[in-house]
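Visitor: Could you take me through one part of this model up close? I'd like to start with a sheet and then see what the aromatic rings are up to.

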Amino acid sequence: MDIPTESNLIFAKIIIDISHEQVDRTFCYKIPDHLRGSIDIGTCVLVPFGRGNNVRTGYVMELTDTADFDPDKIKEIKGIATENLPAEDVFIKLAVWMKQRYGSTMYAALKTVLPAHKKQAALKHKYISLKMAEREAREYFYECKSKNRKAQERLLSELLSEPGERIPYELVTGKLNISAATIRSLKDKGIISVTEEEYYRNPVNISEVTAKKLNLSDEQQYVVDKVMNDYDDNIRKTYLLHGITGSGKTEVYIRMIEKIIERGRQAIVLIPEISLTYQTLMRFYRHFGDRVSVMNSTLSPGEKFDQFERARNGQLDIIIGPRSALFTPFSNLGLIIIDEEHEPAYKSEQMPKYHAREAAIELARLVKGGASVVLGSATPSLEAYYKAITGEFELFELTKRLTGGTLPEVECVDLRDELRSGNRSIFSRSLREGIEDRLQRHEQLMLFINRRGLAGFVSCRSCGHVFKCPHCDVSLSEHKGGRLVCHYCGYSEPVTRICPECGSKYVSAFRAGTQQIEKEVLKYWPKARVLRMDADTTRTKDSYQNILTAFSNEEADILIGTQMIVKGHDFPKVTLVGVLAADMSLYANDYRAAERTFQLLTQAAGRAGRGKLPGKVIVQSYQPDHYAIQTAARQDYNAFYDEEIAYRRLLAYPPVAHMMAVQITSRYEDSGISFANRLRTILEQPVVAGIDTEDAMFNASYNHRLNLDTGNDTMSAYVNGSLMESVKPVIIGPAAANISKINDVFRFVIYVKSADYAILTRMKDKIERYTARLIEAGQYRGYSVQFDFDPINGF
């Protein structure tokens with residue numbers, strides 16, 4: 001058998017970069033002789049496409065010596081796309097992995113890992129210098145002086161004062177007030193020369209470069225030494241750094257990066273929120289200067305393009321940013337750090353719905369020489385901690401607070417008692433006293449409204465009873481039409497305004513907002529200086545930085561905000577944190593509700609008492625005895641984990657088992673639920689004797705002209721009567737999605753649980769093959785199917 005060599009790999013399988021996402025396959029092109037050896041997997045090329053042979057860009061997915069059809073009819077590649085960022089082989093492989101693992105089109109996966117950064121016009125610095133010999137220039141200077149050519153005289157005087165030096169063009173036209181016409185005249189006479197130098201846009205505007213180097217604690221030093229010893233022994237692992245708030249995780253990151261750079265490698269630091277960018281960037285910039293940059297959505301197209309070019313050209317060692325920064329084209333990536341790894345922001349909400357933690361681990365495996373991955377958090381996700389406990393990750397613990405002070409005192413206030421005593425305001429008596437005390441002592445405080453996961457859960461304000469699904473252990477959500485609905489199994493019941501536990505009439509959906517809190521604060525304390533940080537106040541490019549800088553500079557007494565104010569910020573003067581409604585996430589309709597509540601409350605508590613002054617946290621709740629609130633008050637992660645993992649085992653939720661959500665959308669409710677039920681039928685069937693069940697079902701559907709919108713059960717009868725079951729994961733639904741209708745499009749969800757992730761991906765593949773056949777037959781109209789594995793944000 002002949003082994004293909006570079007000389008006979010004359011065909012390329014190319015995926016076309018066009019906006020029609022249903023074109024999700026490769027096309028075969030011939031490689032012309034003059035391009036052989038120049039084209040490899042991942043190369044961005046120009047090809048003729050379609051009947052009109054319009055020139056499109058595409059990415060080479062495979063090189064081969066065989067053609068899909070008659071070689072004489074195969075079109076040739078026109079050239080290499082020099083105007084686009086060339087694709088990296090490693091990112092092509094990562095896109096293939098994403099498509100297989102999460103379910104999406106190849107086009108969507110490529111767009112994710114190869115962000116479309118159009119080539120931007122380069123910025124240029126212009127300089128003016130003497131071109132004529134100094135003696136001759138002086139003679140011309142005196143001529144200008146005698147003939148009263150004031151502008152030329154000023155310019156030549158400046159140039160002759162330091163012969164051989166260049167003067168910035170902007171200085172000449174600005175400070176010296178020399179017109180472009182005067183410059184052009186001197187240039188045309190050969191007296192001066194105007195040169196240009198390209199330079200990169202730099203979004204970092206920090207002048208302070210030096211940093212005080214801190215001595216590491218024994219715990220910190222052990223982590224750095226262990227990771228780097230493994231690295232030098234060519235061991236590449238994923239490490240989980242579990243450190244309490246204020247334990248110095250960032251300093252550990254900095255030391256590891258220093259050592260990675262010494263070894264000629266580069267690092268990516270992921271952070272969950274744009275609001276954390278400036279403070280994180282400041283700390284790294286003080287250590288690494290302009291070898292560090294940032295990548296996030298607030299950058300202009302030119303800034304994004306230039307940061308990618310700087311990384312590609314080896315002018316950067318570190319990039320900082322949210323999950324998309326993971327796809328920075330470093331050539332020698334050696335370390336990936338994911339700070340606050342528990343944050344839901346690391347999960348993409350667009351297809352493919354990848355998790356940055358998993359994508360980082362795969363990228364680290366793919367890069368040349370391999371890279372290490374470090375996950376850091378004071379409140380690790382159950383997924384990460386579970387893998388650390390079971391040995392898949394290596395676990396490190398930082399147990400001592402090094403930022404100053406001790407962990408704050410936490411007081412849990414029972415809002416039921418407040419109501420019984422006649423206090424119906426959003427501030428408990430204890431919190432009101434604490435605010436007044438801090439304002440009198442000129443200390444700062446933060447008020448946190450826990451809005452994450454809010455979906456209209458209903459509770460009794462008198463006894464704290466929450467209306468929950470009897471089957472899924474999540475809260476019911478109030479829908480229009482007077483019904484409470486579970487978004488996991490479809491259970492529903494009518495809304496009642498009388499509490500079944502205590503008979504109280506104080507039953508309602510719990511809602512509040514930052515603007516309402518700000519009004520209440522100013523009503524009670526009109527002289528207080530207040531800043532608010534939420535989605536409305538952080539829309540502009542520098543809004544995060546401006547608000548946080550103002551609060552850090554003590555230009556405000558109170559900072560009010562959502563979860564973005566409690567993540568990783570260090571304000572030494574903050575001595576009080578008030579959590580106004582812990583229940584707003586505790587009873588969200590999500591199996592992760594307790595975990596998120598624990599994480600948010602622990603992070604909020606970590607903002608208080610980080611300086612020399614002691615801190616206090618006041619948590620207001622209708623269920624202050626809930627284990628998530630109690631363990632957060634004690635900052636006891638292990639106790640929370642033990643309690644929560646027991647519930648996850650009982651109900652087969654991640655991380656003990658895996659979960660796949662299949663979301664179906666349709667313009668019509670009846671046909672949508674009918675189609676969703678058919679997909680469930682496919683999911684229920686195994687592959688038997690080498691025959692894909694969905695192929696047989698499709699043939700039955702196509703041959704008998706079944707209408708998918710009629711609810712005809714021929715497919716189900718065919719399968720149930722002819723095939724035997726084998727592996728049987730738990731399938732739930734279809735049920736209405738969390739938001740069951742958007743823009744007149746109905747949304748349904750099927751949930752599948754299995755301890756084996758591979759089983760879920762095979763089930764995903766079955767649906768993808770089935771829908772592909774429907775598309776080819778023209779029977780797939782008005783539907784859309786998406787997948788989400790181990791969902792983070794509920795449905």
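Guide: Sure, let's start with an open sheet of 3 strands, ordered 19-20-21 and paired antiparallel. Its edges are strand 19 (477-479) and strand 21 (492-494), each pairing on one side only. On average, neighbouring strands here are turned by 35° against each other, direction ignored. Bear in mind that this is a predicted model. Strand 19 is joined to strand 20 (residues 483-485) by 3 bridges, and the two run antiparallel. Within that pairing, Glu478 has Leu484 of strand 20 as its bridge partner.

Now for the rings. The model has 21 aromatic pairs. One of them is Phe91 with Phe327, edge-to-face at 6.4 Å centre to centre and 80° between the planes. Phe91 belongs to helix 1 (residues 89-102) and Phe327 to the loop between strand 12 (318-321) and strand 13 (333-339), so this pair ties together parts that are 236 residues apart in sequence. Both Phe91 and Phe327 are buried.

Then there's Tyr222 with Phe396: their ring centres are 6.0 Å apart and their planes at 80°, so this pair is edge-to-face. It links distant parts of the chain, with Tyr222 in helix 7 (residues 218-232) and Phe396 in strand 15 (residues 394-398), 174 residues apart. Phe396 counts as buried because its relative accessibility is 4%, under the 20% cut-off.

Elsewhere, Tyr385, Phe598, Tyr627, Tyr637, Phe640, Tyr641 and Tyr647 make up one aromatic cluster.

Some rings have a charge for company, too. Arg101 lies over the face of Tyr757, 4.0 Å from the ring centre, and the charged end of Arg236 sits over the ring of Tyr231, 3.7 Å from its centre.

Conventions
Residues are numbered from 1 along each chain as its sequence is written. This is a predicted model: local features need pLDDT of at least 70, side-chain atom pairs count only at pLDDT 80 or more; totals for chains, interfaces and linings use all residues. Side-chain values use heavy atoms; hydrogens and water are left out. Two strands pair if DSSP finds at least two bridges between them. Helices (H or I, at least four residues) and strands (E, at least two) are DSSP runs, numbered from the N terminus. Axes are lines fitted to C-alpha atoms, for helices over the stretch in contact, and angles run from 0 to 180 degrees between N-to-C directions. Rings of Phe, Tyr and Trp (its six-membered ring) pair if their centres lie within 6.5 Å; planes under 30 degrees apart count as stacked, over 60 as edge-to-face and the rest as tilted. Buried means under 20% relative accessible area, exposed over 50%, partly exposed in between (1.4 Å probe, protein chains only). A charge sits over a ring if NZ of Lys or CZ of Arg is within 6 Å of the ring centre and within 35 degrees of the ring normal.
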